[in-house]
Amino acid sequence: MSYSYSELLSYFVGALGILMTVIYITYLKGKTFIRIFFSSYLLIASVTIILGALNYSGKIIMFPNLFRIDSPIHYLFPPVVFFYIYSSFKPGFTFKKIYLLNFLPFLINLIEFLPFYFSPEAEKIENINQLLEAGSVVMPMHYLLKDLNLTVYFIAQLYVFFKYKPDKNVRTHYQDSLVKWFWIFLSGQFLIIVGMTTEIVWKTPASIEPYHFGMNVTTLFVLMTSLAFLFFPRILYGNFLDEHSNSREKYFKSKLSENKKADILESLNLYLRSNKKPFLNPKLSLEEVSGKLSVLPKHLSQVINEKTGSNFNQYINEYRVEESKKILASPEYVKLKIEAIAQTAGFNSKSQFYEAFKKYAGMTPKQFADNYTQKSK
């Protein structure tokens, strides 16, 4: 039994794509919808090229019950890829039930082929032999419809890409890499469409069989994608439009588990709430606290960043503001100057105290004291 180089490459890349799918969906971090749509795209494409290689090589005759299984699967590819790019760039993307209508072509094609799927194996083998003798397993009408379907969704992807991609002048380094990746991703699809359309519109005797051509280009596309995400998995976070995106990018390679992060944050809060009130020390540092907690400073900083959206000093200032509220609500308040209250609560200066208090309390110290006094009467 002989194998062509393109056939062997399709089997290898298909297996690699399935393996990468398991890795991406199981081990890598990222936004939920992006991971789902990207993994779905990779799985669909990988299964398609394996079945495709069996089809154009004629080896599908050994697995007749798999024949035409890939036909409805082809209709899943365009909408899944569209939602991958849509979820990567659209701010606050959520999948709505009405979006399921995009998968109607898949359902219709599946229903169309159900009688064939349930037909006797002997009939399938006879059908395969007839098609192989004719030189192609392609159904021209379906090939045309799939090309049109792919083109429509490609145009929709371009619309989303140009509408939501960050402006070049304000992009972060990560966003710039993301935009470059999608230029490559869209270019790969464009080549598939051009090749398929050329085969339909201007087919010559010397040209490669269209189905074979489509599978070869898709194989290269899957290989390119698998390798790209292997070296730059952060793309699974999309456009980083939420408030904690910068910390996620910064700590992407961190080995801290979620349970460990929760333990560190709990230990930090217990330490700060202890009777010693360490936050009252104006010179309290990240290194000092991490030493008390027996954790690395970078890990403590990461936990505060990811779990609270603040940095170390901002988080400590929240405790100091709460302490200053207690002072302002006490009878001793009238005897103290603002500078004294700020110093007692652990602030370095009056201006730092005012800035932090207004940020976390939503009002000035005097306004807070006056409101408390009025409520007490």
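The questions and answers below concern a predicted model.

Colleague: Which helix gives the largest share of the largest nonpolar core?

Modeller: This core has 67 residues, and Y41, Y84, F182 and F229 touch the most other members. Several elements give two or more residues to the core, including helix 1 (5-26), helix 2 (32-57) and helix 9 (210-231). The largest share, 12 residues, comes from helix 2.

Colleague: How many residues are in the other core, which lies apart from this one?

Modeller: Among the members of that other core are L256, L272, L300 and F312. The number of its residues is 19.

Colleague: Is S226 buried or exposed?

Modeller: S226 is found in helix 9, and, leaving aside neighbours within four places in sequence, S226 is in contact with L16, G17, M20, Y24 and L42. Buried means under 20% relative accessible area. Because the relative accessibility of S226 is 2%, this residue counts as buried.

Colleague: Why are the buried residues of helix 16 on the same side of that helix, and what arc do they cover?

Modeller: The buried residues of helix 16 are F353, A356, F357 and A361. They lie on the same side because the arc they cover around the axis is only 100 degrees.

Colleague: Which residues are exposed on the other side of helix 16?

Modeller: Helix 16 covers residues 350-361, and from its first C-alpha to its last it reaches 16 Å, close to the 16 Å expected at 1.5 Å a residue. On the side of helix 16 other than that of the buried residues, the exposed ones are S351, E355, K358 and K359.

Definitions and conventions:
Residues numbered from 1 in each chain as written. Predicted model: local features only at pLDDT ≥ 70, side-chain atom pairs only at ≥ 80, totals over all residues. Heavy atoms only, no water. Core = buried A, V, L, I, M, F, W, Y, C linked by side-chain atoms within 4.5 Å. Buried < 20%, exposed > 50% of the residue type's maximum accessible area, 1.4 Å probe, protein only. Helix = DSSP H or I, 4+ residues; strand = E, 2+ residues; numbered from the N terminus. Contact = heavy atoms within 4.5 Å. Expected span 1.5 Å × (residues − 1). Arc of directions from axis to C-beta.
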